[in-house]
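Student: I am new to this structure, and I would like a close look at one part of it, the place where the two chains meet. Could you take me through that part slowly and then set it in its wider surroundings?

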Amino acid sequence: MTAALTPPRFARALLRLAVPSESRDAVEGDLHELYVGRRQHSPRVATSIWYWLEVLSLTMRFAPDRFMRVMRSLATGDALPSRLDLTLGVRMLAKSPGLALVGGFGMAVGVALSAGAYALFNSYFFPDIPLPEGDRIVAVGKFDALRRVENEQLLYDFTVWRRELKQVQDLGAFRTVTRNLAADAGVGESIIIAEMTASGFRVARVGPLLGRTLLDEDERFGASHVIVIGHDVWQARFGGDPSVIGREIHIGRAPHTIVGVMPQGFAFPVSHQYWIPLRIDPRTPIVPGMGPNLDVFGRLAPDASKASAQAELQMIASRLTAEGPKELAHLDSRIVDYTDVFINAEAEKESTMYAFLRFLIAFLLVVVAMNVAVLVYARTVTRSEEIAVRTALGATRGRIVTQLFAEAFVLSGLAAVAGLGMVAVGLNMLDQFMRDAGDAPFWIDSGLSLGTVLYALLLAVLGAVIVGIVPAMRATGSQLRFAMGSLGSGAKAKLGATWTTLIVAQVGITVAILPPAMLKGGQTVRMALQPQGFAQGEYLSANFFVAREFQVNASESDARAAADSARVTITTLLARLANESGVVGATITSSAPWTGGRDPVEVEGVDAPALSTRTQWVDTSYFGLFDVRVLAGRRFAPNDGALPMADRPVIVNSSFVTEVLGGGDAIGRRVRYRAYGDETMPWHTIIGVVEEFPAGVRSSGAPSTRTMYHLTVPGEWDGATLTIRLRGQRPETFAPVLRQIAMSVDPMLQLSSVRSLDAKYRDYARSGARLALFVALISGSVLLLSSAGIHALVSFTVNQRRREIGIRTALGASARRILGSVLLRAARQLALGVGIGLLTAMLLDRLAGGELMNGIGLLLVPATAAFMLLVGLVAAAGPARRGLRVQPTEALRSE
Amino acid sequence: MTARGLGEFEQLVLLAIAHLQKDAYGIPIVEEIERRTGRSVARAAVYITLRRLEEKGFVSSWMSEPIAERGGKGRRYAKLEAEGVKALRDARRAAERMWRGLDPASLRVK
């Protein structure tokens, strides 16, 4: 029989797995016979496909039968691990603490990543809406072919849908606005408000805790201003005062009467705690594709389904499309799950990328578990004599496999608990983060759900199956017969090609990911340790935004008027601040000093690729306020701001001069952004060079601190960052003063994130450190597991070759030669892995435009490769030395 | 159908074994049913049915010597047992009794 007449290997393996033992040989033989017969007149590929189909069909038919048998045996308790099995498992772990630690740590990280991703995926993509019959709440929107929200200017459609759509009840709409809330002391605070139709409360089916919800009459333009507040706000701001109904609060420019308090946890439509009626100015033209951005929602009518509602909507939509403008004709009206429009999940759910991601995350654990399986297998094999003895004493294969499974389950179970702990900490951090940001949708439940715990348990079982059952099946299979035949001689078993590949792949991955991970980690740690680069305790920073009421029919002159009023607001604020005692000065910038945009910049007359550069917009007082020294040329002057934006000069920092200009005199040279599409960007002349500020601080992920500064004039933007330098005042104590001034300048001027610059920098550095920790954890576990794999491999080889080594020592072979031959296999695999890793690293670096490793990759990658070789050889050295200690007499006596 | 009774497919398998005599194992049983009934048969159904028939005591089976063309596996031959013969006869008699007084050609759907 030739090898070509052998059916596909994996199909056979699947067949053996699926068919019960009493029929297995007969079925396998029949299929083999048919396969050989078919091969006489059919090509190999066709026959293999036929064979696979047969196997799959058999598997499908036998699977329920197999399943029932397993269930029956579980019910009778035959195959269940006993307490003794578990106790033995704990003892085995205690006996090999190295294996327990390495394997347990690796699996814990694997479980943490898989279960964490599962929890996030579920709460983001398949959330349960915690409202009565929440699954019947839907969103109605207009999407483009890719199902991404294209047009939210739905006022026209909303009015038509509201009138005609019968399959969706209580059709409502909302938009989110931010306004200043004037508290009693007159200090403004920016709050997020839902401007919502009264029907929103009917859709949510949640009644008020106090007072009433919004009514349809409240939507009438010109009706008195009312507001409903959330439970949290009621507690925090009004101390849970039961007589809060009827009180007046100032929202923006208008006083609003509190008419209701909603119960705890209510945050419909997304994460709102304030609700005011959605009022449409009667002057607003109701035409397709115009008006405010709205989200439309409703509840399916009692006898309606999503499909029937969609059909009705489709009919309305085709009529509207025929009547409406052509540029909106490609949009597709759709009814989707309520949460989908907020997370764009419609697109995510459909994409193969999403499926792939889920697979990849689940697969991660399989890789980790297989790794641990290598370690366990290496140990199980050393126990093959014990297993053989037990078999001879009458233990069934199932019994022995169960025991090995129990041992593995102890390990994977502990790892799952540790992994769940990591997930809980991670989710808690995320929850805190979202709570701080205040915009977590109400349906996101980032706690450790029962589903996640069950999933982790499933992962633990899966891990134990791979770690315990796979090696156990191998150790009790054909090798068992071999071990029984040669009891007392030490079984010879093999580590299969799959596991060798795994080790090679891991070494490769380690070499490829360690350098960028180390670089990023190093950068963030450096950043965290670095002094912040500006005087401590002197700066107060705030983001500001000059809000506008929704502009009806905003013409160009309206827009100009709005921009003018924003400019007046900002300049007035700056003037008021300048008069405050204790204020040294204030500056307006596009972002905090250590962040900023990144764009590729090219130099006039230099034929080199554009380099990605940090860009910031600052006003004339910026460098002075932060004591940034000018190394050449000058700072921005007020008359630079009189020029149109495109003609204004720029200032660069010293690393820009060395990295982009290649040194020399920078003043007078011209730079511009790389052309974007057909649009050529204007040239900017460099008028000054400043020192690095904040001294050498990099934003995470940025390859360099090279920076280009543009000039902005206060009032040009209606939202940016305001930084105030103080003397003789603490930033924290000045914060309420700033809020008060802002409120008095313009109630529509909103401030957010009013904190000392020190605190903002600390947060920034801390988030980088967290990222570095995460990266270190992952790369650490990969490194640990691959060195453990190499260790297992070499111990395995040494055990197998004890006799050969003994004889060679007896025949006078030198220690060096023996050591060399033992290490050769490990070294070959290490070298192969390192080679693959080097290539991958280079490729990744090339793909990332050379910025992944910051240009020093050429030095770093070989260094990592050498490090990996060293780690591998150290891991191999222990068992190899043990090999040298093999006494010839001892090795031969054991025969 | 009682535990001792016969399903339709079980009858087909038993009859195929009866036809094949000493040559009755998986492949020829499938072929025999397909040839005589003209319908395609799921291989797994035959194996599952054979096992069930054996549990009921209607057939017995034994493994042949390993055969190289079968990847070193033997054939599992099936043989009709007295209980099986009786069950087949009972089934046939029951069907005949039910048909009595009916003309297959004149059956109509009302």
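Tutor: In this predicted model, chain A and chain B bury about 1800 Å² between them, and 58% of that area lies on carbon and sulfur atoms. The size of an interface is often given in this way, as the accessible area lost when the parts come together. On the side of chain A, the residues that lose the most area to chain B are A:Asp30, A:Glu33 and A:Arg61, which together make up 31% of what that side buries. Counted by residues, 21 of chain A are in contact with 19 of chain B.

It helps to ask next which elements of chain A supply the side that touches chain B. Helix 2 and helix 3 (44–76) of chain A each supply at least two of its residues, and the largest share, 13 residues, comes from helix 2 of chain A. By kind, the residues on this side of chain A divide into nine nonpolar, three polar and nine charged.

Charged partners can be followed across the interface as well, since the rule for salt bridges, a side-chain nitrogen of Lys or Arg within 4 Å of a carboxyl oxygen of Asp or Glu, finds seven of them between chain A and chain B. Residue pairs in polar contact between the two chains, with both residues at pLDDT 80 or more, come to twelve.

One residue to dwell on is A:Glu33, already named among those that lose the most area to chain B. The side chain of A:Glu33 meets that of B:Arg70 in a salt bridge, with 2.5 Å from N to O. This pair joins two chains, because B:Arg70 lies in the loop between strand 1 (59–63) and strand 2 (76–80) of chain B, while A:Glu33 sits in helix 2 (residues 21–39) of chain A. Both partners are buried: B:Arg70 has a relative accessible area of 0%, and A:Glu33 has one of 18%, where buried means under 20%. A:Glu33 also forms a salt bridge with B:Arg75, and there the closest N and O atoms are 3.1 Å apart. Elsewhere, a network of salt bridges links A:Arg16, A:Asp25 and A:Glu28 with B:Lys73.

To set this part in its surroundings, the salt bridges over all chains come to 39, and some of them lie within chain A, as the next two pairs show. A:Asp157 forms one with A:Lys142, the closest N and O atoms being 3.0 Å apart. That pair links distant parts of the chain, since A:Asp157 belongs to helix 6 (residues 155–164) and A:Lys142 to strand 1 (residues 137–143) of chain A, 15 residues apart. A:Asp157 counts as buried at 3% relative accessibility, and A:Lys142 is buried too, with a relative accessible area of 11%. A second pair is A:Arg672 with A:Glu602, whose closest N and O atoms are 3.0 Å apart; here strand 17 (residues 670–673) holds A:Arg672 and strand 13 (residues 597–603) holds A:Glu602, 70 residues apart in chain A.

Chain A as a whole has 26 helices and 21 strands, and of its 895 residues 48% count as buried. Among its contacts with a separation of 6 or more, 80% are between residues 24 or more positions apart. Chain A exposes about 41800 Å², of which carbon and sulfur atoms supply 61%.

Technical notes. Residues numbered from 1 in each chain as written. Chains lettered and ligands numbered in written order. Heavy atoms only, no water. Helix = DSSP H or I, 4+ residues; strand = E, 2+ residues; numbered from the N terminus. Buried < 20%, exposed > 50% of the residue type's maximum accessible area, 1.4 Å probe, protein only. Contact = heavy atoms within 4.5 Å. Buried area = accessible area lost by both parts, 1.4 Å probe. Polar contact = N/O pair within 3.5 Å; in protein donor to acceptor, adjacent residues only side chain to side chain. Nonpolar A, V, L, I, M, F, W, Y, C, P; charged D, E, K, R; others polar. Areas by Shrake-Rupley, 256 points an atom, 1.4 Å probe, with all protein chains shown as cover.
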